[in-house]
Amino acid sequence: MDESSREAKRRKVVAVVGGGLVGALNACFFAKRGFDVELFEAREDIRTARTVKGRSINLALSHRARQALKHVGMEEKIVSQGIPMHARMIHSLSGKHSAIPYGKKGQYILSVDRANLNKQLLTAAETYPNTTLKFDRKLLDWSPETGEMTFSRLDGLEEHSKADLIVGCDGAFSAIRKQFLRRSRFNYSQTYIPHGYMELSMPAVKGEFAMEPNYLHIWPRNTFMMIALPNMDKTFTCTLFMPFEEFDKITTEDEVIEFFQKYFSDSIPLIGVDALKRDFFRLPGQAMVSVKCSPYHIGDKCVIMGDAAHAVVPFYGQGMNAGFEDCIVFDEIMEKFNEDFSAVLPEYTTVRVPDGHAIADLAMYNYVEMRAHVNSRWFLFRKHVDNFFHFLMPKTMIPLYTMVTFTRTRYHQAVERWHWQNKVINYILLGSATGVVLGVSYLLLKNPPDVSRLRLSTDKVWNKLLAIRSP
Ligand code: FAD
Ligand code: EGO
């Protein structure tokens, strides 16, 4: 790139709307490319705020997110502040624990602190001289014709701003997306699931983790599910998932304990009876929404990424991972089309929509599957089956969870491959069933059994049937 084109580019302004996980990371990606980046965030700066309100305290970070962090030189820093989870630890109703590794030695997911990750990414974005962060700027509306945005501030003043490209990273209830919804041929669906979630803290015991730290702890109880992820301060954050209907049934402190006694009894002493009675009523169950839409862009002016484009239910641990991967995909297309927005944006929609839809569907599928069938025995059984087929044919049979979590296989291709693998399994099972039938037939023909006894027995059955019919 010569100096004059660098100069021409430097004048292009990219507005990133939303300074959550995806917005903050995206600011780094655009800053690295040399754009003038302005990030607008509705809340105050979480790095200086006294109270940080927000969703989920910690998150499972896996391969896709790590690759994205690597692009902006943040992988090592974030990984060093996370806790590896090498296996899931399944807690059965009786209190038994069983661990099933996620894969080989290097295959683990990381438990990271959401607020810390967000802060680090904002600070990383700010270190680029061509980036400014603007907090307390809530987007009210914007114009697809002019690219002008209107923000409101806490002091009641409105502010206007213009950009060459607007990148909507403002989450599941995106204000940027409102303009998309007004346009013809924009597809949109949104689904609230009947479950809510509630976070409960499990304190450290004598300065140590109350349970084995390097695991994703799971209590699968069909419609009731609980998970726990470790934190750097040796606490765990437990997340309870259950139908709002059931949340409504628990109204007294005794009912909380009764409920936990029935489904998660091993966790009671670890969370603490008093803490449980108190914390359960601190916040109501929180809603979870799934959003699918297309396209992800308007002209050469605006693109949506992260939850704004594809909010997913948290039953695959992929929401942030998918949002971070969006940043890589967009960056790769920017490279391919020489940063020509009028070519990059449509290509981004073409490439990314099938994958955004696929991960939304996969997460929803896991939710439906888990609440319907998955208790601790079924969970363990299914993972053993997955591992068995992988062991038999390591190149052919790759567990879906592995493809989604530990590779950058496109989500929609992981789904296709999963369907294909299921077919292979069915053929194997059908083949072995046929084999059994043929084998038994051959043996019968070779050594015919004493048919007279057989006839005798069928006669008996027949007589019995007749006897039932005629009194
Ligand atoms: P957000 O994090 O929602 O950020 C949006 C930002 O935009 C916010 O800072 C908001 O203040 C700002 N904003 C909103 N409106 C405006 C406006 N009008 N103007 C200006 N700014 C605005 N993902 C994983 O990968 N692994 C997990 O283990 C995992 N666990 C989860 C557990 C739960 C219970 C939940 C609910 C989600 C989980 N996720 C997980 C998903 C993950 O939280 C999201 O996918 C991720 O936060 C999306 O990032 P985002 O930046 O797109 O949106
Ligand atoms: C049979 C057995 C069918 C999130 C097991 C499906 C999700 C699903 C919410 C775990 C791990 C990161 C998570 C596994 C299955 C996070 C996750 C999984 C939960 C709930 C979660 C696994 C945060 C589904 N990954 N996962 O294989 O360990 O399997 F339990 Cl409720």
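**Entry 1. Ligand 1**

I began with the shell around ligand 1, to which α2 (21-32), β3, β9 (138-142) and α11 (319-336) each supply at least two residues. Helices (H or I, at least four residues) and strands (E, at least two) are DSSP runs, numbered from the N terminus. The model is predicted, so I note that local features need pLDDT of at least 70 and side-chain atom pairs count only at pLDDT 80 or more, while totals for chains, interfaces and linings use all residues. Residues are numbered from 1 along each chain as its sequence is written, chains are lettered from A and ligands numbered from 1 in the order in which they are written, and side-chain values use heavy atoms, with hydrogens and water left out.

I asked which element gives the largest share of the shell around ligand 1. It is α11, with 3 residues. Of the 30 residues around the ligand, I listed Glu41, Arg43, Ala60, Arg114 and Asp307 as those that come nearest; a residue is near if one of its heavy atoms lies within 4 Å. I sorted the shell into 12 nonpolar, 10 polar and 8 charged residues. For this sorting, Ala, Val, Leu, Ile, Met, Phe, Trp, Tyr, Cys and Pro count as nonpolar, Asp, Glu, Lys and Arg as charged, and the others, Gly among them, as polar.

I then looked up polar contacts (pairs of N or O atoms within 3.5 Å). An oxygen atom of ligand 1 is 2.8 Å from a side-chain N or O atom of Asp307. Two backbones also take part: a polar backbone atom of Met320 is 2.9 Å from a ligand oxygen, and one of Gly20 is 3.5 Å from a ligand oxygen. The protein covers 88% of the 1,000 Å² of accessible area that ligand 1 has on its own (Shrake-Rupley method, 1.4 Å probe).

**Entry 2. The sheet that holds β3**

I traced β3 into an open sheet of 3 strands, in the order β3-β7-β4 with antiparallel pairing. Two strands pair if DSSP finds at least two bridges between them. Why do β3 (58-61) and β4 (83-85) each have one side without a neighbour in the sheet? Both stand at the edges with a single partner strand, so one side of each is left free of a sheet neighbour. The twist averages 30° from one strand to the next (axes are lines fitted to C-alpha atoms, for helices over the stretch in contact, and angles run from 0 to 180 degrees between N-to-C directions).

I counted 4 bridges between β3 and β7 (residues 109-113). Ala60 stands opposite Ser111 in β7, and Ala60 is also among the residues nearest to ligand 1. Helix α5 (residues 114-126) packs on this sheet and touches β3 and β7, its direction making about 80° with that of β7; contact means heavy atoms within 4.5 Å.

**Entry 3. Ligand 2**

I found 20 residues around ligand 2, of which Arg88, Tyr102, Pro314, Lys383 and Tyr401 come nearest. Its shell divides into 14 nonpolar, 2 polar and 4 charged residues. β14 (215-221), β15 (224-230), α12 (341-373) and α13 (376-392) each supply at least two of them.

Which side chains have an N or O atom at 2.7 Å and 2.9 Å from an oxygen atom of ligand 2? They are those of Arg88, at 2.7 Å, and Tyr102, at 2.9 Å. A polar side-chain atom of Lys383 lies 2.8 Å from a ligand oxygen. The protein covers 96% of the 650 Å² of accessible area that ligand 2 has on its own.

Technical notes
A polar contact is a pair of N or O atoms within 3.5 Å; within protein, one must be able to donate a hydrogen and the other to accept it, and residues adjacent in sequence count only if both atoms are side-chain atoms.
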